[in-house]
Amino acid sequence: MKNLVLTTAALAVAGSFAIAEGHSVVRLGTEGAYAPYNFINDDGEIDGFERELGDELCARAELTCEWVTNEWDSIIPNLVSGNYDAIIAGMSITDERKQVIDFSEAYTQPDPSAFLAMGEVDLANAVIAAQSSTIQASYVTGMDGATLLEFATPDETIAAVKAGEVDAVLADKAFLEPIAEADADLTFVGDDVLIGGGIGLGVRQSDTELRDTFTAAIQTMKADGSLNTLIEKWLPGSALF
């Protein structure tokens with residue numbers, strides 16, 4: 001059955017190569033500031049889980065792809081306006097975002113979000129940092145008694161905690177864990193929360209063929225186990241498929 005699923009998905013990828021008529025080069029937009037999902041390495045190159053994943057998806061779909069970096073705040077508007085063709089930037093699939101763009105099948109399971117602080121914090125009455133336009137920011141807005149303070153980049157949210165501007169930060173736990181391990185003054189507080197429906201590639205709502213092409217490639221990686229291998233490499237401890 002596993003081989004049958006793999007073969008069927010592979011045929012779907014091959015059959016969808018007609019997408020190249022509309023996209024001679026597929027431009028992949030990412031933030032480049034959200035390790036381990038995506039970041040700029042010491043050589044100035046885009047790196048991380050999504051760089052390796054995106055390159056593999058393009059290879060399987062026989063697409064010529066280029067990488068583009070874009071600030072998070074404008075990453076959806078600039079997709080819609082045509083600056084690039086897909087978002088691969090740790091973006092959770094949510095109903096709110098699906099009103100504006102479409103998504104491929106998820107390539108990660110829903111990742112726990114966690115609160116990081118300099119010590120014990122009463123989260124019910126805390127000032128909590130989150131990156132703007134994220135599912136975490138929306139979550140804090142819905143917390144009774146808590147106050148949201150938004151920042152443009154994830155690094156700024158951590159700096160705000162260290163500087164005492166906020167009581168805690170809410171972000172993906174996979175992003176926060178290496179930061180907490182490297183700084184003994186930072187600690188997780190409260191319970192983890194599950195938000196969103198996993199992470200997928202965002203595309204324009206009109207680009208149904210491109211969406212289906214990436215979904216088919218993701219399915220082949222799920223079927224042969226290579227997606228789980230990448231998740232274990234870059235996001236250790238995250239749920240597998």
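This section describes a helix pair and the sheet beside which one of its members lies in a predicted model.

Five strands make up an open sheet of mixed pairing, with the order E10-E9-E11-E8-E12. Strand E10 (147-151) and strand E12 (187-194) form the edges, each pairing on one side only. From one strand to the next, the twist averages 30°. Within the sheet, strand E9 (residues 127-131) and strand E11 (residues 168-172) run parallel and are joined by 2 bridges. Ala129 has Val169 of E11 as its bridge partner.

Helix H7 packs on this sheet, where H7 touches strand E8 (112-117), E11 and E12. The direction of H7 makes about 125° with that of E11.

Helix H7 (residues 173-182) also meets helix H6 (residues 154-163): the two axes come within 12 Å and cross at roughly 45°. Because angles from 65 to 115 degrees count as roughly perpendicular and those under 35 degrees as roughly parallel, the crossing angle makes H6 oblique to H7. The crossing of the two helices is right-handed. On the H6 side, the contact is made by Pro154, Asp155 and Ile158; on the H7 side, Phe175, Leu176 and Ile179 take part. The residues of this contact comprise 5 nonpolar and 1 charged, with no polar residue. The charged residue is Asp155 of H6.

Terms used: Residues are numbered from 1 along each chain as its sequence is written. This is a predicted model: local features need pLDDT of at least 70, side-chain atom pairs count only at pLDDT 80 or more; totals for chains, interfaces and linings use all residues. Side-chain values use heavy atoms; hydrogens and water are left out. Axes are lines fitted to C-alpha atoms, for helices over the stretch in contact, and angles run from 0 to 180 degrees between N-to-C directions. Helices (H or I, at least four residues) and strands (E, at least two) are DSSP runs, numbered from the N terminus. Angles under 35 degrees count as roughly parallel, over 145 as roughly antiparallel, 65 to 115 as roughly perpendicular and the rest as oblique. A crossing is left-handed if the near helix is turned anticlockwise from the far one by less than a right angle, and right-handed if clockwise. Contact means heavy atoms within 4.5 Å. Two strands pair if DSSP finds at least two bridges between them.
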